[in-house]
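Dear colleague,

Please find the structure below. I would be grateful if you would read the notes after it alongside the coordinates.

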Amino acid sequence: MRRWTKVCAGVVAAAVPAGVGGALGALAGGRSGLVAGLAAGGVPGAAFGWAVAAFEPYDLTSVRGITRYVADLTWSLPNTWLGAVLLTGNLLAGNRVVAELSRHGGTVHLAGRTLPAMNGVRYVTTVGTVVAGIAAPAATPAARALLAHERGHVLQARLFGPAYVPSVLVNYAAATVLPLWWLWHDHARYPIRSVAAYFQYGVYPHVWNEEWCYRVYGPRR
Ligand SMILES: [Zn+2]
């Protein structure tokens, strides 16, 4: 893409969350709300806009790239904002963007992981368009499956927009108190004998978005 296209795409990607944040803030609380909203939208927006300009996650010469860009700044803006918050925190903590994975992938990739290991398993995190924890392009089938899985969550956010995160949270709560997944859970492979295992191998992979991505993309579990 031409330099000015990249810069414009980044400026718009920063300005949209700032503008929406400012407008919502002004509606909620007048002048002080406006300032708070501008900051809440604009600070993560600036980090996201910088990533859009510098790493070209959206190929704006293709229909697919334009569609992703428009979706992420409109219908899926709440998800994009959450991802931008994750991006901002990670950049401040010293994480770095992986250029080879981010370019034209529709996602901003961070090299380092954000979650501590759980029972020896280290999870990759995807929020909005930001994927944290894959440091290099996939070299093995398992790594390709992991990348496809995480990008599956980005697609889900784009499809379900503002309903995505609330529906996942509601499903998480429901799967905790009413474990219907117990009926189709692979008890031989993932026996549940502790509270930690109940969440890690029971609730988490059976929430609808994970059930979908593990089945469609893998990795096999
Ligand atoms: Zn997942």
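The notes below cover the conventions, the zinc site, a helix pair and a sheet.

This is a predicted model, in which local features need pLDDT of at least 70 and side-chain atom pairs count only at pLDDT 80 or more, while totals for chains, interfaces and linings use all residues. Residues are numbered from 1 along each chain as its sequence is written, and side-chain values use heavy atoms, with hydrogens and water left out.

Zinc site. The zinc ion has as protein donors His149 (NE2), His153 (NE2) and Glu210, the latter entered twice through OE, at 2.0 to 2.6 Å. Donors are N, O and S atoms within 2.8 Å of the metal (3.2 Å for Na, K and Ca); water is not among the atoms, so sites may look incomplete. Along the chain, the donors follow the spacing H-x3-H-x56-E. Histidine 153 belongs to helix 5 (residues 141-160) and glutamate 210 to helix 8 (residues 208-216), so that the pair links distant parts of the chain, 57 residues apart. Helices (H or I, at least four residues) and strands (E, at least two) are DSSP runs, numbered from the N terminus.

Helix pair. Helix 1 (residues 3-55) packs against helix 3 (residues 77-92) at an angle of about 65°, with the axes 8 Å apart. Axes are lines fitted to C-alpha atoms, for helices over the stretch in contact, and angles run from 0 to 180 degrees between N-to-C directions. The contact (heavy atoms within 4.5 Å) includes Val16, Phe48 and Trp50 of helix 1 and Trp81, Leu87 and Leu91 of helix 3.

Sheet. Three strands form an open sheet in the order 1-3-2, with mixed pairing; two strands pair if DSSP finds at least two bridges between them. Strand 1 (108-110) and strand 2 (125-127) are the edge strands, each pairing on one side only. Strand 1 runs parallel to strand 3 (residues 130-132), and three bridges join them. Valine 108 has valine 130 of strand 3 as its bridge partner.

Yours sincerely
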